[in-house]
Amino acid sequence: MAFKPANHIQDLQYFGEFGGVNPSISDSSTYTFLSAKTMFDTFEGNADGCYLYSRHSSPSNLYLGEALAAMEGTETATVTASGMGAITPVILQHCNAGDHVVSSRTIYGGTYAFLKNFTPRLGINTSFVNITKLESVEAAITPNTKILFCESVSNPLLEVADIKCLAAIAKKHDLKLVVDNTFSPLSISPTTLGADIVIHSLTKFINGSSDTVGGVVCGSQELIDDLRNVNSGAAMLLGATMDSMRSASVLKNLRTLHIRMMQHSYNANYLAEKFENDGLKTVYPGLASHPSHQLFTSMMNNKYGYGGMLTIDVGSLDKANALMELMQERNLGYLAVSLGFYKTLFSAPGSSTSSEIPEEEQEAMGLSDGLIRFSIGLDADIERTYKMMNSCMKELGIL
Ligand code: PLP
């Protein structure tokens, strides 16, 4: 049977301790043991089903992790305090001093800053490549490379990674292919295409309420056990643990993700087509003009569409700022970073979420000053939204 990520979430059945339809929230940081021996065995990692301390794991975190693993088709998963709290331990778990990472150059600014500025202090260096040019990806690999890192759909340029081909390269050179799937949950299932590890910032579409930060690493049982190891696990020792109260609330939001993604995609596709027809430079993977439209189409789970993210280029930062301020004044969305909210969110990435990337590198990768990144909301009447956005653009002389 074809992989159906939303079914996999729905098929999970958890009950609360009193038969509640939601699992009980584990409101404890520590757990008792009936015998001292079991406590010792748990420390040694030999007591399955026993909880020790909530930085290691908690029932609520395990419920959410299992639901996300079911969605991504991995053996298991571990949830973390933020998306960066998922990315950083995965890199540090796989790389020692002297090791090397090959990463897409168009990635979230925080991930870029970690690889560019932080890990070199630990002797881990990164080559940043154009992920759409497979020959430059392969050329950057050295005998010390351990990880090939990319985003399925990149932040903010919406470049699409050819996960199947990247997985083949990773396999050939014995690397782990780590894919950040934050921009395309449900639409793209990286492990079915050969990725080894899938990461999400739960902060975005998956939670969908812009009320928390959160993250997840989905992968093999061996990887997740390693990350949680009390002696050497980067997730356990760096301590970016999600709180149980929060994982319970993210789990509840996860159940409507499939409906939300369909509406985000429908609305984004509608606006992208209209904007492009109006003559705006528009980037959206659902448009035939997107250089990787065919590739996205070949990888996607059709029903969930091409996602809720699009960009337009209005020519200058001043124009971008004026448009965003006017759209906010007219209640068409919020001038805010982040994504996946019910309201449309917009920001100019060059001066916000990608500002960690030096100007000359922004230019080289095509990140221009006038670029506006939209996370399209769940608007019930997208035609009205379009008309109002169009009149803002006309008023400001953008159209
Ligand atoms: N990955 C992507 C693609 C992102 O856009 C972000 C944040 O914007 C992150 C990771 C980091 O996630 P968090 O802010 O939850 O740490």
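By class, the residues that line the largest cavity comprise 5 nonpolar, 7 polar and 2 charged residues. The model in which this cavity is found is a predicted one, and the structure holds 2 cavities of 30 Å³ or more. The largest cavity encloses about 110 Å³ of space, and its lining is made up of 14 residues, among which Arg-55, His-56, Thr-78, Val-79 and Thr-241 lie nearest the centre. Three elements, namely helix 3 (59–72), strand 1 (76–80) and helix 9 (234–238), each supply at least two residues of this lining, and the largest share, 3 residues, comes from strand 1.

The second largest cavity has a volume of about 40 Å³. Its lining is formed by Val-153, Leu-158, Phe-183, Pro-285, Phe-296, Tyr-306, Gly-307, Gly-308 and Met-309, and when these residues are divided by class, 7 are nonpolar and 2 are polar, with no charged residue in the lining. Because domain 1 (5–254) and domain 2 (258–395) both give residues to the lining of the second largest cavity, this cavity lies between the two domains.

Open space was examined as well as enclosed space. The largest pocket holds about 570 Å³ of space. Of the 22 residues that line the largest pocket, Gly-45, Asp-48, His-56, Asp-225 and Arg-228 are the closest to its centre. His-56 is thus named both among the residues closest to the centre of the largest pocket and among those nearest the centre of the largest cavity. Helix 2 (36–43), helix 3 and helix 8 (221–228) each contribute at least two residues to the lining of the largest pocket, with the largest share, 4 residues, coming from helix 8. Helix 3 therefore appears in the account of both spaces, since at least two residues of the lining come from helix 3 in the largest cavity and at least two in the largest pocket. By class, the lining of the largest pocket has 6 nonpolar, 10 polar and 6 charged residues.The surroundings of the ligand were considered next. Around the ligand there are 14 residues, of which Met-84, Asp-180, Ser-201, Thr-203 and Lys-204 come nearest, and the residues of this shell divide into 4 nonpolar, 7 polar and 3 charged. Asp-180 and Thr-203 also take part in polar pairings through their side chains: a nitrogen atom of the ligand is 2.6 Å from an N or O atom in the side chain of Asp-180, while an oxygen atom of the ligand is 2.6 Å from an N or O atom in the side chain of Thr-203. At Gly-83 the backbone is involved, as an oxygen atom of the ligand is 2.8 Å from a polar backbone atom of this residue. On its own the ligand has 390 Å² of accessible area, of which the protein covers 91%.

Two features of the backbone remain to be described. Most peptide bonds are trans, and most residues other than glycine have a negative phi. The peptide bond from Asn-155 to Pro-156, however, is cis, with omega near 5°, and Pro-156 is placed in the loop between strand 4 (145–151) and helix 7 (163–172). Ser-210, although not a glycine, has a positive phi of about 45°, and this residue is found in the loop between strand 6 (197–201) and strand 7 (215–219).

Conventions
Residues are numbered from 1 along each chain as its sequence is written. This is a predicted model: local features need pLDDT of at least 70, side-chain atom pairs count only at pLDDT 80 or more; totals for chains, interfaces and linings use all residues. Side-chain values use heavy atoms; hydrogens and water are left out. On a 1 Å grid over the protein atoms alone, a cavity is a set of points where a 1.4 Å probe fits but cannot get out, and a pocket is an open set with protein on both sides within 12 Å along at least five of seven lines; lining residues have an atom within 4 Å of a point. Grid points are joined across faces, edges and corners, and a volume is the space filled by probe spheres set on the points. Ala, Val, Leu, Ile, Met, Phe, Trp, Tyr, Cys and Pro count as nonpolar, Asp, Glu, Lys and Arg as charged, and the others, Gly among them, as polar. Domain bounds come from an automatic or database domain assignment. A residue is near a molecule or strand if one of its heavy atoms lies within 4 Å of it. A polar contact is a pair of N or O atoms within 3.5 Å; within protein, one must be able to donate a hydrogen and the other to accept it, and residues adjacent in sequence count only if both atoms are side-chain atoms. Accessible areas come from the Shrake-Rupley method with a 1.4 Å probe; for residues, only the protein chains shown count as cover.
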